[in-house]
Amino acid sequence: MSSALRQALVTIVLFTAACAPSATPGTSNTTEASPAKDGETTLFVHAERVDCMGVGPMRCMQVREAENKEWERFYGRIEGFSYEEGYAYELRVKREPVANPPADGSSLRTLLVKIVSKKKP
């Protein structure tokens, strides 16, 4: 991989991480039915993917942490979750730090805890 491409990817990853919503421990900015367990959050997943640019052109899920927030592109994957286009999901997920993440990868991994709902919009 060329150094220019590597630098562009690092910039994208850092920008995405910096723009990601964060929660203060003990608080929640989601519209969820039950309080979040330590390290867990709710993710709403849109029924359609959108075109996006990662290492190359790809299709990204659209997610948000509250129903009243704007949709954001999700460039990674949610471990344990199999997305099926045409369905909207409410997920309970946990984010964990990645030890020694690659330069062009996220410093967090997202793990599925539970599918709260799956429905056709």
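1. Exposed here means over 50% relative accessible area, and buried means under 20%. N100 has 76% relative accessibility and so counts as exposed. The model is predicted. N100 sits in the loop between β6 and β7. Its backbone deserves a look: phi is positive, about 55°, although N100 is not a glycine. Most residues other than glycine have a negative phi.

2. Strand β3 pairs with several neighbours. Strand β1 (residues 40–45) is joined to β3 by two bridges, and the two run antiparallel. V45 has V63 as its bridge partner in β3. Strand β2 (residues 50–53) runs antiparallel to β3 too, with four bridges between them. A hairpin of three residues joins β2 to β3. Within this pairing, C52 has M58 as its bridge partner in β3. Three bridges join β3 to strand β4 (residues 72–74), again antiparallel. Here M61 is partnered by F74 in β4.

3. How many disulfides does the model hold? The count is one. The disulfide is formed by C52 and C60, with their sulfur atoms 1.8 Å apart. The link of C52 and C60 is right-handed, with 80° about the S-S bond. Are the two cysteines buried or exposed? C52 is buried, because its relative accessible area of 9% falls under 20%. C60 is buried as well, at 0%. Note the register: C52 forms its disulfide with C60, while its bridge partner in β3 is M58.

4. The salt bridges come to seven in total. One of them pairs D51 with R59, the closest N and O atoms being 2.8 Å apart. R59 also forms a salt bridge with E85, and there the closest N and O atoms are 3.9 Å apart. This second pair links distant parts of the chain. R59 belongs to strand β3 (residues 57–64), whereas E85 lies in the loop between β5 (78–79) and β6 (88–97), 26 residues apart. D51, R59 and E85 are thus members of a network of salt bridges.

5. How accessible are the residues of that network? D51 has a relative accessible area of 55%, so D51 is exposed, the cut-off being over 50%. R59 has 41% relative accessibility and counts as partly exposed. E85 is partly exposed, also with a relative accessible area of 41%. None of this network is buried, because buried requires under 20% and the values are 55% for D51, 41% for R59 and 41% for E85.

6. A further salt bridge is that of R109 with E79, whose closest N and O atoms are 3.9 Å apart. Which parts of the chain does this pair link? R109 is in strand β7 (residues 108–119) and E79 is in strand β5, 30 residues apart. R109 counts as partly exposed, at 34% relative accessibility. E79 is partly exposed too, with a relative accessible area of 24%. The distance of 3.9 Å deserves a check, because the salt-bridge rule asks for within 4 Å. The pair of R59 and E85 has that value of 3.9 Å as well.

7. Which residues make up the largest nonpolar core? There are 11 in all: L43, V45, M61, V63, F74, I78, F81, Y83, Y89, L91 and V93. Elements giving two or more residues to this core are β1, β3 and β6. The largest share, three residues, comes from β6. In soluble globular proteins, nonpolar side chains tend to be buried together. The strand pairing ties in with this core. V45 and V63 are bridge partners, and both are core members. M61 and F74 are bridge partners, and these too belong to the core.

8. L43 offers a way into the core. Which residues does L43 contact, leaving aside its neighbours within four places in sequence? The contacts are V63, R64, E65, I78, Y89, E90, L91, V93 and R95. Among them, V63, I78, Y89, L91 and V93 are listed in the largest nonpolar core. The contacts of L43 also include R64, E65, E90 and R95.

Methods
Residues are numbered from 1 along each chain as its sequence is written. This is a predicted model: local features need pLDDT of at least 70, side-chain atom pairs count only at pLDDT 80 or more; totals for chains, interfaces and linings use all residues. Side-chain values use heavy atoms; hydrogens and water are left out. A salt bridge is a side-chain nitrogen of Lys or Arg within 4 Å of a carboxyl oxygen of Asp or Glu. Buried means under 20% relative accessible area, exposed over 50%, partly exposed in between (1.4 Å probe, protein chains only). Two strands pair if DSSP finds at least two bridges between them. A disulfide is a pair of cysteine sulfur atoms within 2.5 Å. A nonpolar core is a set of buried Ala, Val, Leu, Ile, Met, Phe, Trp, Tyr and Cys residues joined through side-chain atoms within 4.5 Å. Contact means heavy atoms within 4.5 Å.
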